[in-house]
Amino acid sequence: MGIKKENRGILSKSLSNGKGVDRRIMTELDANKKAEELLKGAYDLHVHSSPSVFPRELDGFQLIREADAAGMAGVMLKSHYESTALRAELINRYSGCKAKAYGGLCLLPLILDILEDIKWARIKIVWMPTRDAKNSLVFGNMEGDFFDRRGITILEQDGTLKECVYDIMDAIKEKDAFLATGHISPEESLILCREGRKRGVNMILTHPEFPRTRIGRDDQAELAKLGVVIEKNWFNLAQKSVMPEEMAETIRTVGSGHVYLATDRGQKGAPTPVSELKRFIAVMLTCGIAEAQIRDMVQKVPEEMVCR
């Protein structure tokens with residue numbers, strides 16, 4: 001499968017070397033071929049599928065079969081409004097695929113019910129509020145939002161973490177799962193990640209190049225040194241929220257051993273997550289990210305997160 005027209009602009013800008021169009025096209029083809037190889041054994045830990053309250057391109061079975069055909073090891077199913085742990089279990093039981101689906105949970109106001117879900121379900125990642133985060137709603141509703149709400153913050157008025165956040169961290173630590181920042185504010189994310197690591201909680205900084213959750217390179221590097229895993233998200237590149245060279249430089253600064261690549265894809269009418277992960281890998285290769293670093297970010301780091 002070649003690189004689609006809508007993504008060629010990203011690659012071409014990454015490949016400006018003054019040596020002519022033929023050299024750029026050959027480099028694109030080389031990167032595309034290598035990306036296909038690197039998909040084998042890869043994970044995508046941020047994908048959307050149906051059933052969902054939002055339109056999705058693939059259901060969970062279609063998604064896992066596409067991932068399996070590409071030789072991928074697994075995908076993390078994300079839903080903004082329900083746990084995907086049981087869905088993932090059913091997919092793994094009946095799909096007949098070697099690739100595995102993994103389940104996660106986005107936090108909602110029903111804290112007690114959520115704590116029980118964390119304790120008993122096979123959840124690998126718990127996201128702090130996403131579409132319902134107060135910070136996210138400051139920017140307005142996201143496409144597809146269908147009701148008005150005040151929004152959730154994890155901080156008290158004095159800037160300290162709410163007591164329920166500690167309960168959530170304790171439950172996640174007990175399960176050896178990961179707590180991700182979701183769409184909470186940069187201030188909240190920094191406080192949460194620092195406190196989480198103090199308590200020995202596995203932490204993820206979610207798409208720090210997303211305009212609603214943007215966190216600078218130096219802060220990302222600081223969190224990585226504390227043991228926070230940093231997500232790099234193709235959707236942010238596709239939306240031109242960050243340029244490829246900028247993301248690649250941040251990866252170099254943070255270190256590929258602290259990063260995983262994910263697509264955040266699955267939206268209706270958009271390219272599928274598997275095809276987008278391939279493009280993500282190709283773009284990073286053309287930005288000078290080494291094959292070994294790519295393997296860190298699509299194989300080693302995510303495998304260590306979900307195969308615990």
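**Salt bridges, strand pairing and nonpolar cores in the predicted model**

A salt bridge links the side chains of Glu 89 and Arg 93, with an N to O distance of 3.2 Å. The structure described here is a predicted model. Both residues of this pair belong to helix α4, where a spacing of four residues places Glu 89 and Arg 93 about one turn of the helix apart. The two partners fall into separate accessibility classes: Glu 89 is partly exposed, at a relative accessible area of 26%, whereas Arg 93 is exposed, at 52%.

In total, 15 salt bridges are counted. Side chains of opposite charge can pair when their charged atoms come close. A second example within a helix is the salt bridge between Glu 37 and Lys 34, computed at 3.1 Å from N to O. These two residues are separated by about one helical turn, because Glu 37 and Lys 34 are three residues apart in helix α2 (residues 21-38). Glu 37 is partly exposed, with a relative accessible area of 35%, and Lys 34 is also classed as partly exposed, at 25% relative accessibility.

A further salt bridge joins Glu 222 to Arg 194, whose closest N and O atoms lie 2.9 Å apart. Glu 222 is located in helix α9 (residues 217-226) and Arg 194 in helix α8 (residues 186-198), so this pair ties together parts that are 28 residues apart in sequence. Both side chains belong to residues classed as partly exposed, with relative accessible areas of 28% for Glu 222 and 31% for Arg 194. Through shared partners, salt bridges also join Lys 34, Glu 37, Glu 291 and Arg 295 into one network.

With regard to overall architecture, the secondary structure of the protein chain consists of 13 helices and eight strands. The chain contains 308 residues, of which 55% count as buried. Its accessible surface comes to about 13600 Å², and carbon and sulfur atoms account for 51% of that area. Among contacts between residues at least 6 apart in sequence, 72% join residues at least 24 apart.

Strand pairing was examined around β2 (residues 74-77). From this strand, Gly 74 and Met 76 point one way, while Val 75 and Leu 77 point the other way; all of these residues are buried. Strand β1 (residues 43-47) runs parallel to β2 and is joined to it by three bridges. Within this pairing, Asp 44 has Val 75 of β2 as its bridge partner. The connection from β1 to β2 passes through helix α3 (residues 60-69), forming a right-handed β-α-β crossover. Strand β2 is likewise parallel to strand β3 (residues 100-106), and four bridges join the two. Here Val 75 stands opposite Ala 101 of β3. The chain reaches β3 from β2 by way of helix α4 (residues 85-94), and this β-α-β crossover is also right-handed. Helix α4 is thus the element that carries the salt bridge between Glu 89 and Arg 93.

In soluble globular proteins, nonpolar side chains tend to be buried together. The largest nonpolar core of this model comprises 70 residues, and those with the most contacts inside it are Leu 179, Leu 192, Ile 281, Met 284 and Ile 294. Helix α12 supplies the largest share of this core, at eight residues. A separate core of 16 residues includes Cys 106, Ala 180, Ile 204 and Val 301. When residues up to four places away in sequence are excluded, the contacts of Ile 294 are Leu 38, Ile 281, Met 284, Leu 285, Ile 289 and Gln 299. Ile 281 and Met 284 therefore appear both among the residues with the most contacts inside the largest core and among the contacts of Ile 294.Thr 272 occupies the loop between β8 (259-262) and α12 (273-286). Which class of accessibility applies to Thr 272? The residue Thr 272 is buried, because its relative accessible area of 15% falls under the 20% cut-off. Apart from neighbours within four places in sequence, Thr 272 is in contact with Glu 57, Leu 58 and Glu 66.

Methods:
Residues are numbered from 1 along each chain as its sequence is written. This is a predicted model: local features need pLDDT of at least 70, side-chain atom pairs count only at pLDDT 80 or more; totals for chains, interfaces and linings use all residues. Side-chain values use heavy atoms; hydrogens and water are left out. Buried means under 20% relative accessible area, exposed over 50%, partly exposed in between (1.4 Å probe, protein chains only). Contact means heavy atoms within 4.5 Å. A nonpolar core is a set of buried Ala, Val, Leu, Ile, Met, Phe, Trp, Tyr and Cys residues joined through side-chain atoms within 4.5 Å. Accessible areas come from the Shrake-Rupley method with a 1.4 Å probe; for residues, only the protein chains shown count as cover. Two strands pair if DSSP finds at least two bridges between them. A crossover is right-handed if, with the strands pointing away from the viewer, the path from the first strand over the helix to the second runs clockwise. A salt bridge is a side-chain nitrogen of Lys or Arg within 4 Å of a carboxyl oxygen of Asp or Glu.
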